Amino acid sequence: MSVVFVTFKIPDQGLNLLREKFDVFINPYDRLLNKNELIRAASNSDALITMLADNIDEEVLESGKGSLKIVANYAVGYNNIDIEKARKLGIYVTNTPGVLTETTADLTWALMLAVSRRIVESDAFTRSGKFDGWKPELFLGSDVYGKTLGIIGFGNIGQAVARRAIGFNMKVYYYQRHRVPSEVEKSLNAAYMTLDELLKESDFVSLHVPLTKETYHLLNENKLSLMKKTSYLINTARGPVIDEKALCQKLKNGEIAGAALDVYENEPKIFPDLLKLDNVVLTPHIGSATYETRSKMSVMVANDVIKVLSGEEPDNLVWKKN
Ligand code: NAP
Ligand code: GLV
Ligand code: GLV
């Protein structure tokens, strides 16, 4: 019987589908596997279901040579996998696009509203018993409705974030390498901009690009300097897209009004100064973390594993998309 190894326990919907057909082994620990454990798993399995924090590099893939047929990443981003090496070895790599789009867009909006209306600070204040009555200038923040939203990376999630902006009567600017069809621009009331223009004009800047060699530190010190003093930066994409140290400096100096981050440059480590700032909201990489979506993702990875181990092409092969 074929062997499927899952590097972290995922919801049962997907696991149950796999258990009907294969021997399924699940990492028994409540922690990520280390390199040696990943190597051992790859060398003993026909399929690996991996997490976004597993570094599936050349060495891990090599150890699967001969037996490993698919690495199904339990995420839409796949910057953690050496795609070229996998392709050379004939190992399929799949991801989970689409099912998590709206969920991640919802979190992006939760962060936008939380940072601009100071929800986390206000909550701490209220719990600590400091609320002694309504005051005209208590916890003043910034409006979201009617403002300008700049979206960097206008794919599935970027566009879902833009759809929500219509209800807030926002002006939407977007930047990525290719322009989307004019019908899409029109329906989302979105205008194409250069990255520099977008950063100069937006009140909220939200990142939705994948992490690649090109997007590493896309927002470096120079680019961050283009943002307005009154603007907010939201990152639910990948940490290394921003130079976290430079961002921290700007937040400290009041050169940017605030930031809300779900992802970090050296995840799970967080730049220590960031933890001390009041004008930031921090969540632990929970973009797709709802019961509904994580279940759908588990079914999606299971289906692709079933397809490949039955000799078929998977539905969500990553290298056909670019
Ligand atoms: P997608 O549909 O592929 O959209 C990504 C967009 O980024 C594309 O439209 C692409 O357009 C643009 N892009 C790619 N390279 C670029 C570059 N060098 N410069 C500028 N734009 C570039 O992906 P998605 O489903 O929206 O997901 C986006 C990312 O969000 C994922 O890769 C993942 O890392 C992250 N994510 C995070 C969470 C979370 O839990 N926080 C959850 C889901 C996803 P062009 O090709 O025209 O440039
Ligand atoms: C989450 O970060 C994902 O890429 O799915
Ligand atoms: C605030 O609570 C108001 O009534 O304006």
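Trainee: Which of the 26 residues around ligand 1 come nearest?
Mentor: N156, I157, Q176, R177 and H178 come nearest, out of 26 residues around ligand 1. Keep in mind that this is a predicted model.

Trainee: What makes the approach of Q176 to ligand 1 a polar contact?
Mentor: A polar side-chain atom of Q176 is 2.5 Å from an oxygen atom of ligand 1. The cut-off for a pair of N or O atoms is 3.5 Å, so the pair qualifies. R177 also brings a polar side-chain atom to an oxygen atom of ligand 1, at 2.8 Å. G287 uses a polar backbone atom, 3.1 Å from an oxygen atom of ligand 1. Both of these distances lie within 3.5 Å, so they count as well.

Trainee: How much of ligand 1 does the protein cover?
Mentor: Ligand 1 on its own has 910 Å² of accessible area, and the protein covers 86% of that. By class, its shell has nine nonpolar, 13 polar and four charged residues.

Trainee: Which residues surround ligand 2?
Mentor: L52, A75, V76, G77, L100, R238 and H285 surround ligand 2.

Trainee: Why does the shell around ligand 2 have one charged residue, with H285 in the list?
Mentor: The shell has four nonpolar, two polar and one charged residues. Arg counts as charged, so R238 is the charged residue. His is not named among the charged or nonpolar types, so H285 counts as polar, and so does G77.

Trainee: How do you know that V76, G77 and R238 make polar contacts with ligand 2?
Mentor: A polar backbone atom of V76 is 2.7 Å from an oxygen atom of ligand 2. For G77, a backbone N or O atom lies 2.8 Å from an oxygen atom of the ligand. R238 uses a side-chain N or O atom, at 2.7 Å from an oxygen atom of ligand 2. These distances are within 3.5 Å, so each pair is a polar contact. The protein covers 88% of the 200 Å² that ligand 2 has accessible on its own.

Trainee: What are the bounds of the two domains?
Mentor: Domain 1 takes in 3-98 + 291-309, and domain 2 takes in 101-282. Their centres, taken over C-alpha atoms, are 31 Å apart. Five residues from domain 1 and five residues from domain 2 form the contact.

Trainee: How many salt bridges and polar contacts are there between domain 1 and domain 2?
Mentor: The salt bridge count is zero, while three residue pairs are in polar contact. The side of domain 1 that touches domain 2 has one nonpolar, four polar and no charged residues. A salt bridge needs Lys or Arg with Asp or Glu, so a side with no charged residues offers no partner.

Trainee: What area is buried between domain 1 and domain 2?
Mentor: About 500 Å² is buried, and carbon and sulfur atoms give 40% of it.

Key: Residues are numbered from 1 along each chain as its sequence is written. Chains are lettered from A and ligands numbered from 1 in the order in which they are written. This is a predicted model: local features need pLDDT of at least 70, side-chain atom pairs count only at pLDDT 80 or more; totals for chains, interfaces and linings use all residues. Side-chain values use heavy atoms; hydrogens and water are left out. A residue is near a molecule or strand if one of its heavy atoms lies within 4 Å of it. A polar contact is a pair of N or O atoms within 3.5 Å; within protein, one must be able to donate a hydrogen and the other to accept it, and residues adjacent in sequence count only if both atoms are side-chain atoms. Accessible areas come from the Shrake-Rupley method with a 1.4 Å probe; for residues, only the protein chains shown count as cover. Domain bounds come from an automatic or database domain assignment. Contact means heavy atoms within 4.5 Å. Buried area is the accessible area (1.4 Å probe) that two parts lose on being put together, summed over both. A salt bridge is a side-chain nitrogen of Lys or Arg within 4 Å of a carboxyl oxygen of Asp or Glu.
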